[in-house]
Amino acid sequence: MAQGTRSCSHLCGIQTAWTDEPAAETAVAALASALECGRVAQLIIFFSPTYGVEALAEAFGRHFPGVRVSGCTSSGEISPMGGLARGLVAVAFPQKGFRIATALLERIGQLDAERAAASIRTLRADLDAIGQGGQRFAITLIDGLANSEETVISAVATGLDGIPLVGGSAGDELTFSDTALIHDGRVHRRAAVLLLVETDFPVEIFKNHNFEPTEVKFVVTDTDHDSRAVRELNAEPAAAEYARALGLPLQALSPANFAANPLVVRIGGDYFCRSIRHLNPDGSLSFHCAVDEGVVLTLARQKDIVEATREELARLDANLGGLDLVIGFECVLRRLDAELHQVRHSISDLYRRYNVVGFETYGEQFRSMHLNQTFTGIAIGRQAAP
């Protein structure tokens, strides 16, 4: 359903705007008309790749002169009025109440971890120079086809030295052909953007999924680390062993099966999803995250996705004394799962109630972890600190 162009002003001073205008120029012009541009210091944008990323970057340069813009392609956009099939969403940070420093990491496939961590420490010093003692958090936007999230997050987390981080991997509507980022007027591929934010408002980062471990376990016995392909599970062809555990013939495996039956890894007493991207002709399984040999994966079962999401948002609402806005990063596989179970409208109702804005990703980041089939984000409370 078409939404046109709409905007919302939040108590913390952030403005959000969204449009499903089909052309880059008209979409960006519509956002410029919907926002109070004179109050905007930083834009974060999430957008359909159908706009053409170069055309979109040029349009933002024309309509938002002097405003820093960072963003990425997505596999679906989330607005405070629900999901957009193909659209453009903007989060406009104000000049008051938030201080932001940004950095670009290029050629992340060959990332020098020590140099990247040093650049993040420099970024922290930049924020220290303008900081006012507020709460801090970091946002990562990473090219979802670079297969480098683990390397990036490890280096960034080292440089952040405890500052909580969340983020998402750029998508491209499940075509897996061309993901891209925009940063300061330029288009980047195989790159990552980091935004380091200090705010006067209460914030909490979070992660949420709707799975619990079963007793079925797999030991990863052969992998191709660079392509994130697992060739063997329990010393058997990976896809055949996974299908056997589900009680399905190999030829019946599909994206819906992968979304409904993810694999999880236990780290520090918590479970993190390691979702399957696709079945390969050679019988191996490609994953959205790197999976190393020797790792024990556990087959997970579903819980009610609507109830799990409702509980988390209600918890955040209570903790922060009322939610003003949630900037969320949701795995596209969660959308597929919600569609399969015909509950996407119920999820959208929750997102409207709690002012969730963001995008559907090819992977999520939480603290020092890259994960899948998860909803992560930053929850911002209504009341500024005294």
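Which residue in β21 does His278 stand opposite? I looked this up and found that His278 faces Ser286.

I noted before going on that this is a predicted model, in which local features need pLDDT of at least 70 and side-chain atom pairs count only at pLDDT 80 or more, while totals for chains, interfaces and linings use all residues. Residues are numbered from 1 along each chain as its sequence is written, and side-chain values use heavy atoms, with hydrogens and water left out.

I then turned to the two strands themselves. Strand β20 covers residues 276-279 and strand β21 covers residues 285-287, and they pair in the antiparallel sense over three bridges (to pair, two strands need at least two bridges found by DSSP). I saw that they form a hairpin with five residues between them, and that Gly283 in the turn has a positive phi of about 90°.

Next I looked up the whole protein, which has nine helices and 27 strands (DSSP runs numbered from the N terminus, H or I of at least four residues for helices and E of at least two for strands). Its radius of gyration, taken over C-alpha atoms, is 20 Å, close to the 21 Å that the globule rule gives for 386 residues, so the protein is as compact as a globular protein of that length (the rule is 2.2 Å times the number of residues to the power 0.38). I recorded that the C-alpha atoms fill a box of roughly 60 × 45 × 40 Å along the principal axes.

Last, I found that buried residues make up 57% of the 386 residues, where buried means under 20% relative accessible area with a 1.4 Å probe, counting protein chains only.

Definitions and conventions: Buried means under 20% relative accessible area, exposed over 50%, partly exposed in between (1.4 Å probe, protein chains only).
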